[in-house]
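Work through the exercises below with the model open. Each task is followed by a worked solution.

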Amino acid sequence: MGQCPSAPRRHHHRNPSPPPSPAAQPTSPRFSDAAAAAADDAAPEPDYTAELPEELLAVVFGLLGSGDRKRCSLVSRRWLAAEAASRLRLALDARAPLLAAAPGLLARFSAVSKLALKCDRRAESVGDPALVLVARRLGPGLRRLKLRSLRAVTDDGVHALAAAAVNLRKLSVGSCAFGARGIEAVLRSCTQLEELSVKRLRGLASSDPITVPGPRLQSLSMKELYNGQHFSCLITHSPNLRTLKIIRCSGDWDPVLQTIPNDSTLSELHLEKLQVSDLGVAALCGLEVLYLAKAPEVTDVGLAALATKSPRLRKLHVDGWKANRIGDRGLATVAQKCASLQELVLIGVNLTSASLELIAANCPALERLALCGSDTFGDAEISCVATKCASLRKLCIKACPVSDAGMDKLAAGCPRLVKVKVKKCRGVTFECAERLRASRHGALAVNFDTPGGAGELQDASVDESGVLENAGSDAVQDDFDDQIGVPDLLCGSSGRPSGWKARMGAVISRSLSVSMFRRRPRGISYNP
């Protein structure tokens, strides 16, 4: 009653959706990767270096290290050829098996101008055939050659190489078995030779003296030679010789030094651990740089005579070996005769304020001073340096009896001072180093080290490449092993030059020492 009959319900039937197309169906990851790979094959990435000329590509490779160059050579055949054509330095492990692989290596790196052949002392080295092959492949293009421990190479092999390498300018030989005849062959054929370094040349013991001079030879280094006097003709008759280094060579060297003519162009002389006396040193003249280390027969007399004949002396390094043969007398003559002195390094030399005052008064250009192992260099001497050396920029003091009282004088003296190194001085404290650094408002680098610890306070950016970096060492820096820098070693090297490793080691140690002192609590005093 009163109710409307319900209307019949209508059921709406939805049309079923069409099945998805095969292209819209989800695919497995394996099929998607295959499709992506197919797409990549269809549209390869463009080679953006294809338009670069070979010369520009070679310049880019020249800026890379050894490891990066090797990896780049594996990218494509074009890069392989460009890398090989632009490589100028090559170092090879010169053991006997190298002879079989040398033809392929030398054919690939045909543009090499600096070659190093190094062999382990306990292994058998390559012989004359290897040098003949080098002469045939690289001869005219070679500019620098380094031979190490090639005991199987004879004078004949060196003669064959020298005949082809007519443009050679730098030769470094160490621990080889050939003798003077091989050196003469190089001097005759390589008329452009400018630098010659010889170390432990075993064949000299049974050789005749060298009779050929070097017309363009500028630098001669001899180290650990027996019968090194065989090079006398080369020393006295080379008209352009400027640098001479004689280190740990046996025999009497006074006659050789006495025969150097007065009009010689020799300006730099290194003498270390030699049998040389005042007679030989007094005969020298016109020097600008002198390194005299561990020659106990040289006294104030010889140094004074040399200074009188060398008024243009700029650098003087003396390692007196604590023999007390060189002191105030010889240094006073240096101060009076050598007004151009810029660098003075004294190791094991006992000097006082008497000679220091003369040096400060007569040598206004003195910029670098190092005193190491001097028993008489104390507070009075450091006060003299602080008050009178106005041009001093770098100062190194090692194992000297100075104290805080003397070092504090540097705060008000030496207005151009930028770096101070204090090592193994028991009387100097860390607080003194802090005061010295703070006195210049961060413009002075203070490197401080005591027998009980090490530390460094450094705020200024200072060039540390000077000789004062190694002023306290017991040995004169030896440049022989680094005559040819070869960063692209093919015999297991990391590709970094040794100098780079040394600098990185110094930076790491400096950072550690600075962090150590920054973490030191302020309430704890530092006791050396």
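**Exercise 1. Gauge the overall fold.**

Task: Find what share of the contacts in the protein chain with a separation of 6 or more comes from residues 24 or more positions apart.

Solution. Take contact as heavy atoms within 4.5 Å. Among contacts in the protein chain with a separation of 6 or more, 71% join residues 24 or more positions apart. This is a predicted model, where local features need pLDDT of at least 70, side-chain atom pairs count only at pLDDT 80 or more, and totals for chains, interfaces and linings use all residues. Residues are numbered from 1 along each chain as its sequence is written, and side-chain values use heavy atoms, with hydrogens and water left out.

Next, take the secondary structure. The protein chain has 18 helices and 16 strands. These are DSSP runs numbered from the N terminus: helices are H or I with at least four residues, strands are E with at least two.

Then turn to burial. Buried means under 20% relative accessible area, exposed over 50%, and partly exposed in between (1.4 Å probe, protein chains only). Of the 528 residues of the protein chain, 47% count as buried. The accessible surface of the protein chain is about 26,300 Å², and carbon and sulfur atoms own 54% of that. Areas come from the Shrake-Rupley method with a 1.4 Å probe; for residues, only the protein chains shown count as cover.

**Exercise 2. Check the confidence.**

Task: State the average pLDDT of the protein chain, then examine residues 469-502 and 504-528.

Solution. pLDDT is the predictor's confidence in each residue, from 0 to 100. The protein chain averages 82, and 77% of the residues score at least 70. Over residues 469-502 the pLDDT is below 50, yet the model gives this stretch 75 contacts beyond near neighbours in sequence. Residues 504-528 also have a pLDDT below 50, with 25 such contacts.

**Exercise 3. Classify the aromatic pairs.**

Task: Which geometry does each of the two aromatic pairs have?

Solution. Rings of Phe, Tyr and Trp (its six-membered ring) pair if their centres lie within 6.5 Å; planes under 30 degrees apart count as stacked, over 60 as edge-to-face and the rest as tilted. The structure holds two such pairs.

- F61 and W79 are edge-to-face, at 5.7 Å centre to centre and 75° between the planes. This pair links distant parts of the chain: F61 sits in helix 2 (residues 54-62) and W79 in helix 4 (residues 77-86), 18 residues apart. F61 is buried at 2% relative accessible area, and W79 is buried at 17%.
- F430 and F448 have ring centres 6.3 Å apart and planes at 50°, so this pair is tilted. It too links distant parts of the chain, with F430 in helix 17 (residues 430-439) and F448 in strand 15 (residues 445-450), 18 residues apart. Both F430 and F448 are buried.

**Exercise 4. Map the nonpolar core.**

Task: Which residues have the most contacts inside the largest nonpolar core?

Solution. A nonpolar core is a set of buried Ala, Val, Leu, Ile, Met, Phe, Trp, Tyr and Cys residues joined through side-chain atoms within 4.5 Å. The largest has 121 residues, and L115, L196, M222, F231, F377 and M407 have the most contacts inside it. Helix 6 (residues 128-138) gives the most to this core, with six residues.

Now follow M407. Beyond four places in sequence, M407 touches residues including I382, I397, V420 and L436.

I382 leads to helix 15 (residues 379-388), where the buried residues are E381, I382, S383, C384, V385 and A386. The buried residues of helix 15 pack against helix 14 (353-362), strand 12 (368-372), strand 13 (394-398) and helix 16 (404-407).

**Exercise 5. Compare two positive phi values.**

Task: Are S175 and H441 buried or exposed?

Solution. Start with S175. This residue has a positive phi of about 60° although it is not a glycine. S175 lies in the loop between strand 4 (170-174) and helix 8 (180-189). S175 is buried, with a relative accessible area of 3%. Its side chain makes a polar contact of 3.1 Å with that of R200. A polar contact is a pair of N or O atoms within 3.5 Å; within protein, one must be able to donate a hydrogen and the other to accept it, and residues adjacent in sequence count only if both atoms are side-chain atoms.

Now H441. Its phi is near 55°, again positive in a residue other than glycine. H441 lies in the loop between helix 17 and strand 15. H441 is exposed, with a relative accessible area of 77%.
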